Structure formats: C-alpha cells, structure tokens
Amino acid sequence: MSNKKEIMAHYIADPKDSFFVHGTPPLETVEVVAYDISWPETYAEVSNSIENELGSRIQKIDHIGSTAIPGIAAKPVIDIDLTVADPDDEENYLPALENLGFQLIVREPRFHGHRLFHLKKPRVNLHVFGPDCPETVRHLLFRDWLRQSDEDCQRYENAKLKAVKGCSVDIAKYHENKKRVVHDIYRKIFQSLGYLDGEDV
C-alpha cells in the first residue's frame, strides 16, 4: 500500500519530459460553471461503458474531481480514475478504450505510470493508474473531504472562480492560480489523518 509520505507528495513534472502522445492537443476553453445535477449520471453512464468493455481488467474505477462533489461549481469535464494491473501494458486496455471513443493524450511513466485519455462527448478526462497508487488515494481524500466540509468546499469554489480569470485557454495557469488553496486543503486533510507529525507539505 502507498505510504503517507507518497500520499502527501505533490507531483512536480520534469520540464525535460515530453508527455503528449500526439503533440500538444488543441486548446480548450477553461470555464467554471454552476454545478450540474446531471454530472453523476454522466459519470455512471461512462463508467458503465468502460466496465462493460474492460470487464475484469478493471481493478477500480472512481468519479473524482469537482464534478463528483455535489453543489460545487466546476469545469464541465467529468474526471475518472481507472486502476488497472499495469498501466505500461497498454494493449490490455488501450484498444478497448479507443473502441469507446477515448483518445490517449498523455503518457507520464514516472508519475505512477499515468495515462490520460480524453473523451470528447461527453467531455471526460480518464486517468489510468496502477494498483495502490498514492495519487488515486489523494484524489479520493480530496473529494471526500470536500463532500463533508461546506467551508472548504466554498473556499475551493471561490479559488476556482478566481483562478479562471485571465486564463480562458490556459489550463496550466488555471491550476497554478488555485494551487495554494489546493495545497492548504490537503494540509488540513493530512493533519486530520495524523500524517504530518510535525512535517510540512
């Protein structure tokens, strides 16, 4: 299982790495919209199609990100974590996902074997990781914390609405703009779990 140091580590990409599989993808408008009650249903439909296509090759599948948090404003993109036995063994899952219309966008072998797929309609980001991955643990901790903390949920929503200003097609800048609040919420989560023990994150 992932240890607490791995779970607390904020990933920093190596600028020398080239992650895009087919070159830089087309720019997308970055927008934060009011919560849509159809998002959980959209997730259920997409996850069911993935489960039907991959079957026992799936170890775990989860709705993550802001569209998984009732009531919060979010980018209208469904984020999904898919756990498979070995992300490097793409033949085990890539053709099946392509059959569903997913396109492989990013390979990050040093980031827990991460693969990012896009589905255009409905718009989905599908993140593929391996078993016992600290990043999938982080995603669920963050999601579940905001599901039960009205204060931090509102704080995160405010941070996103502020972050999106001036970066209408720059997703990296959007994430950078809200990073301080994200890291602070994670710090509260890790403190509540007793992970810090005097350490900082």
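This is a guided tour of a predicted model, going from the sheet to the helices and cores and ending at a single residue on an edge strand.

**The sheet**

Begin by selecting the five strands that form an open sheet, which come in the order β1-β2-β5-β4-β3 and have mixed pairing. At the edges you will find β1 and β3 (103-108), each of which pairs on one side only. Neighbouring strands of this sheet are turned against each other by 20 degrees on average, if direction is ignored.

Next select strand β1, residues 60-64, where four of the five residues are buried, so that the strand is mostly covered. Add strand β2, residues 78-83, and you can follow five bridges that pair β1 with β2 in the antiparallel sense. To see one of the paired positions, pick H63, whose bridge partner in β2 is I80.

Now move to strand β4, residues 114-119, which runs antiparallel to β5 and is joined to β5 by five bridges. Here H118 is a useful residue to select, since its bridge partner in β5 is N125.

**A stop at N125**

Keep N125 selected, and note that this residue lies in strand β5, which covers residues 124-129. Is N125 buried or exposed? Its relative accessibility is 12%, and because buried means under 20%, N125 counts as buried. If you show side chains, you can find a polar contact of 3.0 Å between the side chain of N125 and the side chain of R123. Leaving aside residues up to four places away in sequence, N125 touches V77, I78, D79, I80, L116, F117 and H118.

**Helices on the sheet**

Select helix α2, residues 39-54, which packs on the sheet and touches β1, β2 and β5, with its direction at about 160 degrees to that of β1. Then select helix α4, residues 134-148, which lies across β1, β2 and β5 and runs at about 40 degrees to β1.

**The cores**

In soluble globular proteins, nonpolar side chains tend to be buried together. The largest nonpolar core here has 23 residues, and those that touch the most other members are I50, L82, L97, F102, F117 and L126. Two or more residues are given to this core by each of α2, β2, α3 (94-99), β4 and β5, and α2 gives the most, with five residues. Select L126 for a view from inside: apart from residues up to four places away in sequence, L126 touches I50, I80, L82, L97, F102, R115, L116 and F117. A second, separate core has 17 residues, among them I7, F142, W145 and C153.

**Helix α7**

Select helix α7, residues 179-192, and compare its span with what its 14 residues should give: at 1.5 Å a residue the expected value is 20 Å, and the end C-alpha atoms are 20 Å apart, which agrees. Which residues of α7 are buried? They are V181, V182, I185, Y186, I189 and F190, and the buried residues of α7 pack against α1 (4-8), α4 and α5 (150-163). Just after α7, select G194, which takes a positive phi of about 75 degrees.

**Last stop: Q103**

Finally select Q103, which has its place in strand β3. Q103 counts as partly exposed, because its relative accessibility is 37%. Not counting residues up to four places away in sequence, Q103 touches H22, L116, F117 and H118. For a distance to check in the viewer, add N177: Q103 and N177 are 74 residues apart in sequence, and their C-alpha atoms are 28 Å apart in space.

Note on methods
Residues numbered from 1 in each chain as written. Predicted model: local features only at pLDDT ≥ 70, side-chain atom pairs only at ≥ 80, totals over all residues. Heavy atoms only, no water. Buried < 20%, exposed > 50% of the residue type's maximum accessible area, 1.4 Å probe, protein only. Polar contact = N/O pair within 3.5 Å; in protein donor to acceptor, adjacent residues only side chain to side chain. Contact = heavy atoms within 4.5 Å. Pairing = 2+ DSSP bridges. Axes fitted to C-alpha atoms, helices over the stretch in contact; angles between N-to-C directions. Core = buried A, V, L, I, M, F, W, Y, C linked by side-chain atoms within 4.5 Å. Expected span 1.5 Å × (residues − 1).
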